[in-house]
Amino acid sequence: MNKNLPKVFVSPINKELRNNKDIYYGKNEEDRGGSPVNVLKKINEVFANPHHVYKSKVVIKTKDNVVEDIIVGKTEAYLLTLKGDKININEIIDIDRR
């Protein structure tokens, strides 16, 4: 099985190659401090708690402040309080049941 392959012309490289590029990637994220907390999981745990019949007293930490309130329900985007306030779920950093 002696196959003769055709000859290939190879061009000599007589210069310095500079096709390597340094690539840097930086991601600018808001620092929430500490380990990330799964807020939706914690909210669902509050509502799944056997002591939650109609309302639960919670402490909610948002980007701007800390609120201690009684929550009675939730929608897709908000927690509903006994006072009639809406707290945006996207702004919540942490939630704890009292």
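Biologist: Let's start at one ring. What makes you say that Lys86 lies over the face of Tyr78?

Modeller: In this predicted model, Lys86 is placed over the face of Tyr78, at 5.4 Å from the ring centre. The cut-off for that distance is 6 Å, so the 5.4 Å of Lys86 falls within it.

Biologist: And how many aromatic pairs does a search of the whole structure find?

Modeller: The search finds 0 aromatic pairs. For a pair, the ring centres would have to lie within 6.5 Å.

Biologist: Before we go further, what pattern does the protein chain follow along the sequence?

Modeller: It reads α-β-β-β-β-β, with 1 helix and 5 strands.

Biologist: Let's look at strand 1, then. Why is it described as largely enclosed by the rest of the structure?

Modeller: Strand 1 has 7 residues and 5 of them are buried, so the rest of the structure largely encloses it. In the protein chain as a whole, 19% of the 98 residues count as buried.

Biologist: Ser56 lies in strand 1, which spans residues 56-62. Why is Ser56 called buried?

Modeller: Its relative accessible area is 2%. Buried means under 20%, so Ser56 qualifies with its 2%.

Biologist: What makes the link between the side chains of Ser56 and His52 a polar contact?

Modeller: The two side chains are joined at 2.5 Å. The limit for such a pair of N or O atoms is 3.5 Å, so the 2.5 Å between Ser56 and His52 is within it.

Biologist: Which residues is Ser56 in contact with, leaving aside its neighbours within four places in sequence?

Modeller: Ser56 is in contact with Val46, Asp69, Ile70, Ile71 and Arg97. Val46 takes us to helix 1, residues 39-48.

Biologist: Is Val46 buried or exposed?

Modeller: Val46 is buried, with a relative accessible area of 6%. Since the cut-off for buried is under 20%, that 6% meets it. Setting aside residues up to four places away in sequence, Val46 touches His52, Ser56, Val58, Ile71 and Arg97.

Biologist: How do you know that strand 1 and strand 2 pair?

Modeller: Strand 1 and strand 2 (residues 66-74) share 6 bridges and run in the antiparallel sense. Pairing takes at least two bridges, so these 6 are enough for strands 1 and 2 to count as paired. One example is Val59, whose bridge partner in strand 2 is Glu68. A hairpin of 3 residues joins the two strands.

Biologist: What joins strand 2 to strand 3?

Modeller: There are 3 bridges between strand 2 and strand 3 (residues 78-81), and the two run antiparallel. With at least two bridges needed, those 3 make them a pair. Ile71 has Thr81 as its bridge partner in strand 3. Here too, a hairpin passes through 3 residues, from strand 2 to strand 3.

Biologist: And what makes strand 1 and strand 5 a pair?

Modeller: Strand 1 pairs with strand 5 (residues 92-97) over 5 bridges, in the antiparallel sense. At least two are required, so strands 1 and 5 pass with their 5. Lys61 stands opposite Asp94 in strand 5.

Biologist: Last one: what share of the exposed area do carbon and sulfur atoms supply?

Modeller: They supply 50% of the roughly 8,900 Å² that the protein chain exposes.

Methods. Residues are numbered from 1 along each chain as its sequence is written. This is a predicted model: local features need pLDDT of at least 70, side-chain atom pairs count only at pLDDT 80 or more; totals for chains, interfaces and linings use all residues. Side-chain values use heavy atoms; hydrogens and water are left out. Helices (H or I, at least four residues) and strands (E, at least two) are DSSP runs, numbered from the N terminus. Buried means under 20% relative accessible area, exposed over 50%, partly exposed in between (1.4 Å probe, protein chains only). A polar contact is a pair of N or O atoms within 3.5 Å; within protein, one must be able to donate a hydrogen and the other to accept it, and residues adjacent in sequence count only if both atoms are side-chain atoms. Contact means heavy atoms within 4.5 Å. Rings of Phe, Tyr and Trp (its six-membered ring) pair if their centres lie within 6.5 Å; planes under 30 degrees apart count as stacked, over 60 as edge-to-face and the rest as tilted. A charge sits over a ring if NZ of Lys or CZ of Arg is within 6 Å of the ring centre and within 35 degrees of the ring normal. Accessible areas come from the Shrake-Rupley method with a 1.4 Å probe; for residues, only the protein chains shown count as cover.
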